[in-house]
Amino acid sequence: MTEYFSEVFGSFFAILKGLRVTFVTMFKPAVTVEYPTEKLVPYSGFRGALLFDAETCISCNQCVKACPSSCIALENATNEAGKKVAKVAWYSIDFGKCNFCRLCEEACPTKPKAVWHSKDYELTFFRRDEMVRCWKKGFDFVGLYWDRGAQEFKKPEGQVQIQTVQERFQY
Amino acid sequence: MTKEELKAALEKAFPGLVPASQAVGDYLTLRLPDAAQLLPVVTCLKETLGFEYLDMVTATDWLGPVNLDGFIREPNFNVFLPEGATAQAEAPKKTAGVEYRDAIELVWCLSNLKGRIKVFLKLDLPRGGGKAPSLVGHYKAADWQERELFDLFGVRFDGHPNLVKILTPDFTVGHPLRKDYVHQKDRFD
Amino acid sequence: MSSTQPLPHGLKSDQLFVNLGPQHPSTHGVLRVGLTIEGEIVVKAVPDVGYLHRGTEKLAELRGYPQCVVISDRWDYLSAMNNNLMFCLAAEKLLKVEVPERAQHLRVVMCELNRIASHLLFFGTYGIDLGAFTAFLHAFREREMVLDLFEMSCGARLTYNYIRLGGVMKDVDAAWLAKCREFIEFFKPRLKEYDDLLSFNPIFLDRTKGVGRISAKQAVAWALSGPNLRGSGVSYDARKFEPYCGYEKYDFEVPVGKDGDCWDRYYCRVLEMHQSVRIIEAALGMMAEGPVMGKGVAKVPKPPPGEAYAHVEGARGDLGCHLVADGNASPYRMHIRAPSFINLAILQEMLVGERMSDVIAILGSIDIVLGEVDR
Amino acid sequence: MSEDAKDPKPEAPKPVPETTTAAAAPAAAAKPAAPAKPAPKPLPTPVYNEADGRLLKERRLWPTDMWRDPWSQPRYRMAWVKLIVLVAVALGAALLLGEVGRFAVPVTSFLLEKGAAYGLPAWAPGLVWALVKIVLVLHVPLLSALVFVWWERKISAHMQSRLGPMYVGGFHGWLQTVADGIKLLLKENITPTAADTWVHRLAPAVVVAPALLAFAPVSFGKDLSAADLDVGLVYVFAMAGVSVVGIMMAGWGSGNKYSLLGGLRSAAQLVSYELPRMFAVIPVIMFAESLNLADIGAAQGGYWFGVLPRWFIFYPVVGQLSFLIFLIASVAETNRIPFDLPEAESELVAGFHTEYSGMKFSLFFLAEYAYMTLACCLAAAFFLGGGTAPLSFLDGFLPSWAWFLGKVLALVFCFLWFRWTFPRFRVDRLMDFNWKFLLPWSFANIALAGLYVMVLS
């Protein structure tokens, strides 16, 4: 008999303890970040969308070898005498296949890095062409995409840049 | 129970059992001369030596370096990438000192939870119609793992309740993890 | 449970085939269980897997060793650190590389943090399966803090690629260690709250006590591992069975259940979070200084021919990797002992005779991740 | 972006790579001799893009920092002030309005004279007064559904340390429910082909109508009830019973096996929880000796030892026990967690209202909140002395309807609180709990109440 009552009262107090937890949480401030109006800035080492600088790249193909899903392609530039130059004619990364693993940035021997991760985490594609980002001499770090329909380079609309002037690291 | 005790106990019970040429890490690895030896060794291990936990059943195809046609070469959307570029690791080549042979090597890993020791059993099966006795009688865990090996390697386990493929989709032809697997174009390519 | 006795007066109740999944709110991913039910009781259950099979074991045969670590993130994507660690341990056994002291401690801290994050997700989704929504959001509030820690240290929130061959990707600074201690201090009282909120709630106990009972012998026969096995009373933990990464230095107990029902498996995971907190505190205490990457690991490592088997206590069970190398830059054969794949097989025997609403509770308590089941 | 002069027209690259090498590479000025290694260019300082969203650049706030002093967050800076202002406004309105009930008599007499002056027949003002009362009472469930839906979303959000609706209508999303209502209005009304059409369409009506009708005898304050029925209590429970038929019609009408299962389960649950709910009220009737809700409320006036109000909940054992049984049974009546088996998402996908969309679905939604409000009004009337002040010296301070509203809000808060804390019962355990626990204890409770009445009389 007493065991029955102790079990009843025991479960009653357990229910009250559960209710206490939710009641107490109600008066604590919420942790929500209201996304479209408030945006989080990722930490310094965040591996967002890749950026590329055609000037510093010495087209050594290290990043092409390091990439697990072979997203990177580049072509060595040749000066007018036809001799290979330590520059790159064009460079492209296929963001459809890239899995942001930072192996290319680590393989890059240049200082500061020619290919590095930005802080942009909002990376959408409005067209399939937009998945393949291309860089040539004179393009800015975010790069343009080659629109096969209009046969011209266009600025990617899908990538929202956290920084208008993209940050670079000295190491 | 230490490795040496186990080795001695097994030597005494099964003289035909010889340590495998390529041991798995520093565990005790034994090679079974033929398929018929598997069940007696396993029953002895399970009943007398207390190996009642079947960790893993796996297989390796020792034919040679993997055939590059086995990988899906999706049409290259990246307009700048040369056609058909796959992973950048250079294609594997045959290396000396590795005994490539026309056989699929089955590997069982049994562990004795109390004695804190694992043992590996290896068995070579001919690639064509290799047949191995199924361990579902002793360990129920072998059920799905053997189905997976049948699915990916084409190894038949006689005595298995329902040897049906488990992982690959219905329309795949052939067994993907074999080294000479060539990928037929299916409706998704 | 009560098997379906024949109905009186020659009544015939025909069987209904119900498809649980592959799109179902509580199958945690693309798993389809074909249930044949009679009234409310399940008569036959056929789990159907393979929807997420990406053939990673075949992919690994054409990738270098560092690239395979990236593939390892995608198996048990809820605790990717343990996958990285498992593959790196197997490869390091082949390469005979000596991992520096600080990297060992960092690996232990990261894996235990990842175990907490994975168990928090289990705790949340198990609450939602049984109808308690608040537990889910409380658990995710803490999990966000762990993911912040990972974002600060290795830059990614889910697929870390942090543990590399011979060490760790990047060292962590003092600020990170302080923030990690801050999380631990915040997390301890929360664990007490979870117990009040869900673990000892009579309705929750009612739903899980005595449901889906697995005997110790049955668990060993089906080779379950992790909290599923320890819930049935068999204490097998890879960190104690074969200590790796310096686990023998930390003193922690392995929580073991009594009668292997859903509640024991659930509470083993909650107690494991307590133990992980203890391990992290000890590891943060004895964090050694020094390099984080071992010497002698080439850019394109080519281990000598040989085989290695390394197994790690993942969040879902005993995660093993059988690596065969033949001297090339890519592994010759890599087999993953996926605990979820093996734990899932017991469903066909366990679900028979259970009620429909218990099916959800049992499936949730086994805690499988489909990325690891299908590889 | 790059420093050196841009080429006049960027060289149009051929898409197929092998021809690029043939075409003349852009005439990069070939430097005659490798220049001295240029000093590393100073890296550009990053400029953050403030265009479309306030960037939380400073250290990301963890719960650890936020919970150290909760009220320092920018979001809550004025929170104390707003809270005090809201409470003050509410109390001021209640004090200004005062007892509404006393206006009833002068208004009816004024109507009678006016009617007689215009030569209206004698029954006209009575009819007009009845229509006014209907409109007023009809608004109680409708408005309360609106408010409580929003309140539930805010309460559940803050219980889960998140914010809930903040966007619609500005301050804390107070227009959210109206927006949902409009959205549901615009949604297409799908009737499944396999459905038994008129049963399918009629079901929501059969579920909602009793909920609205049941508010008639409820007395919201001193003589503030639409119909002063002597059999008010029996009438209310009769109305609550009709909704079972509606739910079964919904289950059967949708023509899909899941909603049929859900419909049958909820019918079983409603019928079985009706019993302990009624038996829990019998001690109240024995103490108040009347079925009229206004009399029950009045019977709880007065104070023991000047402090403790004579509410039925404060009767030593009988009060608390019957209050708890009534509360638990009402939660089960409204199909809310922990008794919400019929719409258990994880099992029956959505129970009996799987196939309903648009306005029909919102009617089910409205019915659930109307029944919840009804249950809280009844519980406040039976056990918390609807309309009487909790402490003797507070007696005249607030009008009786304000006290009644306060009690209803407290009880509705308990309903919401239960929903966001407890997991769900299993079907058979739900039935066991009712037949093997609630019912026997309600019988024992009635016996005990009988002893009280014998002793008191």
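This is a short tour of a predicted model, stop by stop.

**Stop 1: chain A, whole**

Select chain A and orient the view along its principal axes. Its C-alpha atoms fill a box of roughly 100 × 30 × 30 Å. Colour by secondary structure: chain A has 3 helices and 11 strands. In sequence order they run α-β-β-α-β-β-α-β-β-β-β-β-β-β. The radius of gyration of chain A is 26 Å, whereas the globule rule gives 16 Å for 171 residues, so chain A is more spread out than a compact globule.

Now split the chain. Select residues 1-31 of chain A for domain 1, then 50-154 for domain 2. The C-alpha centres of these two domains lie 58 Å apart.

Switch to burial and contacts. Buried residues account for 40% of the 171 in chain A. Take the contacts in chain A between residues at least 6 apart in sequence: 64% of them join residues at least 24 apart.

**Stop 2: strand 7 of chain A**

Select residues 132-135 of chain A, which form strand 7. Show side chains. Which residues point the same way as A:Val132, and which the other way? A:Cys134 goes with A:Val132, while A:Arg133 and A:Trp135 point the other way. All four are buried.

Add strand 4, residues 84-94 of chain A. Strand 4 and strand 7 of chain A pair in the antiparallel sense over 4 bridges. Pick A:Tyr91 and A:Trp135 to see one bridge pair.

Then add strand 8, residues 144-147 of chain A. Strand 8 pairs with strand 7 of chain A, again in the antiparallel sense, over 2 bridges. Here A:Cys134 stands opposite A:Leu144.

**Stop 3: helix 3 of chain D**

Move to chain D and select residues 79-97, helix 3. At 1.5 Å a residue, its 19 residues should span 27 Å; the end C-alpha atoms are 27 Å apart, so expectation and model agree. Is this helix buried or in the open? The number of buried residues is 0 of 19, so helix 3 of chain D lies largely in the open. Step just past the helix to D:Gly98, which takes a positive phi of about 65°.

**Stop 4: the largest nonpolar core**

Finish with the largest nonpolar core, which has 297 residues. Select C:Ala90, D:Cys376, D:Ala379 and D:Phe382; these have the most contacts inside the core. Next, highlight helix 13 of chain D, residues 359-383. Helix 13 gives the most to this core, with 19 residues.

Zoom in on D:Cys376. What does D:Cys376 contact beyond its neighbours within four places in sequence? The partners are D:Val408, D:Leu411, D:Val412 and D:Phe415.

Technical notes:
Residues numbered from 1 in each chain as written. Chains lettered and ligands numbered in written order. Predicted model: local features only at pLDDT ≥ 70, side-chain atom pairs only at ≥ 80, totals over all residues. Domains from an automatic or database assignment. Rg over C-alpha atoms; globule rule 2.2 N^0.38 Å. Buried ≥ 20, exposed ≤ 12 C-beta atoms within 10 Å, placed from the backbone. Contact = placed C-beta atoms within 7 Å. Expected span 1.5 Å × (residues − 1). Core = buried A, V, L, I, M, F, W, Y, C linked by C-beta atoms within 7 Å. Pairing = 2+ DSSP bridges.
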